[in-house]
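Trainee: I am new to this structure. Please take me through it step by step.

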Amino acid sequence: MAYQTLIVEIDDYVALIRLNRPEALNALNQQLLSELGQALQEADQNDKVRCIVLTGSEKAFAAGADITEMAAMNYDDVLVSNMFGTEIEPITNTRKPIIAAVSGYALGGGCELALACDFIICSDSAKFGQPEINLGVIPGIGGTQRLPNAVGKAKAMDMILTGRFMDAAEAERAGLVSRVVPAAKLLPEALAAARKIAEKSLISVMVGKECVNRAYDTTLREGILFERRSFAGLFATADQKEGMNAFLEKREPQFRDK
């Protein structure tokens, strides 16, 4: 499918999705979010895709939601349209891993979009922020929920209530990102991580993702029970037999997602 606000490439079982609104620093308008949802659904259903990398430009991953679309809206408009609710669902419903490769600004909805991915690799120029408070509103794409899970209550409150930005070094210390690399190495690093994931059994990768996400949705006791059942279930797969036999035979496994 051809997109107007995205560039999508598939190579070596990795889908690279680039946000492509350079004139607006990749601000998230309805068209971009709709196209992104469609691209993610297609990647999730594509047998040639085993991992997804979501990125923007070197200057901006995404500099927030598009204010020009929201400024004139009132309470009824936002409530009835379920603004951002429908658009963000394809991201959270994608079963294959999504890596956010962030350079430059990831602000407001851009920060929330990165948080909705499974993990973030960023460049040393990255800046994260939830400055919605400066517009008289609060984050509306999950920022008040996902940011505390990522960095803790104190830093989340600080960022959301003051609107201050967090640079790459602080983001790594706080646990917001998994690693920081020079800007020139960001995409190669993210693609290398995606290809490493793509080498694994897709069944175990999706189950592992589901189990980690369950940790944020339930109690520790229920989460551990879910993990144990999932762990036991993987012993019904051919990939488990292949993986363990390959280890014992000192060779690389050949997973078939069965």
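Mentor: Accessible areas come from the Shrake-Rupley method with a 1.4 Å probe, and for residues only the protein chains shown count as cover. The model is predicted: local features need pLDDT of at least 70, side-chain atom pairs count only at pLDDT 80 or more, and totals for chains, interfaces and linings use all residues. Residues are numbered from 1 along each chain as its sequence is written, and side-chain values use heavy atoms, without hydrogens and water.

Trainee: What share of the exposed area do carbon and sulfur atoms supply?

Mentor: The protein exposes about 13900 Å². Of this area, carbon and sulfur atoms supply 54%.

Trainee: Why is the protein described as being as compact as a globular protein of its length?

Mentor: It has 12 helices and 10 strands (DSSP runs, H or I of at least four residues and E of at least two, numbered from the N terminus). The globule rule, 2.2 Å times the number of residues to the power 0.38, gives 18 Å for 258 residues. The radius of gyration, taken over C-alpha atoms, is close to that value, so the protein is as compact as a globular protein of that length: 19 Å.

Trainee: Which helix gives the most to the largest nonpolar core?

Mentor: A nonpolar core is a set of buried (under 20% relative accessible area, 1.4 Å probe, protein chains only) Ala, Val, Leu, Ile, Met, Phe, Trp, Tyr and Cys residues joined through side-chain atoms within 4.5 Å. The largest has 48 residues, and Leu-54, Phe-61, Val-102, Ile-120, Phe-128 and Leu-176 touch the most other members. With 6 residues, the top contributor is helix 1 (residues 30–45).

Trainee: How many residues are in the other core?

Mentor: This core lies apart from the largest one and includes Val-53, Val-181, Ala-194 and Ile-197. Its size is 15 residues.

Conventions
Buried < 20%, exposed > 50% of the residue type's maximum accessible area, 1.4 Å probe, protein only.
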